[in-house]
Amino acid sequence: MELSPIRLIERTLLSGPKSPKKVYHLVLSESTLETFDFKPGDSVALWPKNNHLMVSKILQHFAISENDAIGEKTIIEWLQKQYCLSHLTETFLDTIRTQLTRKECEIFDRYGEQNAFKTASLLDIIELFPSIKFSAEELLPLLKKMKPRLYSIASAQSMYPQQLQLIVAEVVYENFRQQKRYGVASHYICNELALGETIECAIVHAKFKLPEDYSRNVIMVGPGTGIAPFRAFLQERAVLRKQGKNVGENWLFFGDQYRNANFYYRQEFEQWQLDGNLSHLDLAFSRDQEHKIYVQDRMHKHGEELWNWLKCGAYFYICGDATYMAVDVEAKLKEIIHQYGQINPDTFLAQLKSENRYQRDVY
Ligand SMILES: Cc1cc2nc3c(=O)[nH]c(=O)nc-3n(C[C@H](O)[C@H](O)[C@H](O)COP(=O)(O)OP(=O)(O)OC[C@H]3O[C@@H](n4cnc5c(N)ncnc54)[C@H](O)[C@@H]3O)c2cc1C
Ligand SMILES: NC(=O)c1ccc[n+]([C@@H]2O[C@H](COP(=O)([O-])OP(=O)(O)OC[C@H]3O[C@@H](n4cnc5c(N)ncnc54)[C@H](OP(=O)(O)O)[C@@H]3O)[C@@H](O)[C@H]2O)c1
């Protein structure tokens, strides 16, 4: 994978002040960006850095000097960018157990039985068992390598040739001691990476693609940050439409928690509704009423029309949460096919897949 530095030039909070989660619009740019080859639907891999305060506390604990060299890098360089400090390996956990007193071992085993160390960082372990000691040479081989994180590109190169725009939800979770912790990459790019600074990136080409035949209709289901590739799709189709190409209709199902706080890119979508780039926009704000309303409920409401689009050759796309949303949306799609098409939904979906007309980008 070819790595290039790319500069953060803009970061805007998209979610409203009352939103329980923070979602940002990021603009990355580089003068050479025009030479990057990416299409709507592609993602970018970003290499985050570990929180510098966390790294200094670890170095301090082990009394390691940040400038000590190991191989071609200094220890601070290894710990900041090359190794994962937020999730630990079995080998690391097994090794520290050999250093613990009997009483500490009992605590360790109790946590282990509860699978608690799945959410433990290196610093959490140091705080819980301050007696553990490693030299830099002993520590590094026990850690996981830092992995890049993927983000769907939320802009089309045809509209923003010099930019790569993203929509990122900051991941917040609780560790095994109910302490608040942040996702490494989302926290880094949403908070720590300063404007004007660069981050290493690589374009990751996806199979998630617009139809080559512009005239086909497309149906896009993308709640939350799942909206990202669809904004790129819609930008691309708006540019083609402006060029006088025969572009089919676009139908977007979007949703998130609250209309006031989480209707990201509202003005852009409403403008596209006015100028005809977005013929159907169906919204599901899950927490604006007592009972949850999700995108699949909107699909249900328009089931017959959705079936008619599919029957006439439309492409169907899902992007966003893999665990719940994508499963439920697919189930609803099958229900609609069965109800209105009166055919076996699995057979129809298999046919759609074979024609590339059913595509998912879920995580
Ligand atoms: C193809 C692809 C496209 C993506 N596009 C986007 C995008 O456009 N915008 C965006 O915000 N994210 C997107 N993601 C997710 C992104 O890559 C990261 O997984 C996310 O930002 C969390 O990374 P992190 O380093 O902040 O958290 P980490 O430090 O990796 O995770 C910390 C902890 O948070 C929890 N956690 C993390 N991710 C999830 C999850 N998905 N569900 C439940 N719990 C979780 C887990 O407890 C995990 O142990 C995409 C992923 C893929 C594979
Ligand atoms: N671990 C974390 O702290 C954390 C934080 C942020 C994101 N993520 C992950 O990142 C991904 C994207 O998150 P996101 O913030 O973009 O959005 P998201 O969490 O997927 O939520 C977007 C919308 O989808 C709704 N939703 C929940 N369950 C659904 C279902 N079964 N079917 C349809 N819609 C459903 C949500 O409603 P409700 O929430 O009201 O039910 C919300 O309105 C997900 O995989 C998510 O798990 C994890």
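Helices and strands here are DSSP runs, at least four residues for a helix and at least two for a strand, numbered from the N terminus. Keep in mind as you click around that this is a predicted model.

**Stop 1: colour the domains.** Give separate colours to domain 1 (4–48 + 148–204), domain 2 (52–145) and domain 3 (218–362). Domain 1 and domain 3 have their C-alpha centres 23 Å apart. Their contact involves 19 residues from domain 1 and 19 residues from domain 3. On the domain 1 side, strand 9 gives the largest share, 4 residues. That side of domain 1 is made up of 11 nonpolar, 7 polar and 1 charged residues.

**Stop 2: ligand 1.** Select ligand 1 and whatever surrounds it: you should pick up 21 residues, with Gly183, Ala185, Ser186, Thr225 and Tyr363 the closest. Now show strand 8 (149–152), strand 9 (163–169) and helix 7 (184–192), since each of these supplies at least two residues of the shell. Which domains does the shell around ligand 1 draw on? Both domain 1 and domain 3 put in at least three residues each. By residue class, the shell around ligand 1 has 11 nonpolar, 8 polar and 2 charged members.

**Stop 3: ligand 2.** Move the selection to ligand 2, which has 23 residues around it; Gly224, Thr225, Ser286, Asp321 and Tyr324 come nearest. Two or more shell residues come from each of strand 10 (172–174), strand 14 (250–256), helix 11 and helix 13. Again, domain 1 and domain 3 each contribute at least three residues. The shell around ligand 2 splits into 10 nonpolar, 7 polar and 6 charged residues.

**Stop 4: helix 13.** Select residues 325–341 to get helix 13, which has 17 residues. From first C-alpha to last, helix 13 reaches 23 Å, close to the 24 Å expected at 1.5 Å a residue. Next, show the side chains of Met325, Ala326, Val329, Lys332, Leu333, Ile336 and Ile337, which are buried. Why do they sit on the same side of helix 13? Because they cover an arc of only 140° around the axis.

What covers those buried residues? Turn on strand 13 (218–221), helix 11 (295–301), helix 12 (303–311), strand 16 (315–320), helix 14 (345–354) and strand 17 (358–362), which are included in the cover.

**Last click.** Go just past the end of helix 13 to Gln342, where phi is positive, at about 55°.

Key
Residues numbered from 1 in each chain as written. Chains lettered and ligands numbered in written order. Predicted model: local features only at pLDDT ≥ 70, side-chain atom pairs only at ≥ 80, totals over all residues. Near = placed C-beta within 6 Å. Nonpolar A, V, L, I, M, F, W, Y, C, P; charged D, E, K, R; others polar. Domains from an automatic or database assignment. Contact = placed C-beta atoms within 7 Å. Expected span 1.5 Å × (residues − 1). Buried ≥ 20, exposed ≤ 12 C-beta atoms within 10 Å, placed from the backbone. Arc of directions from axis to C-beta.
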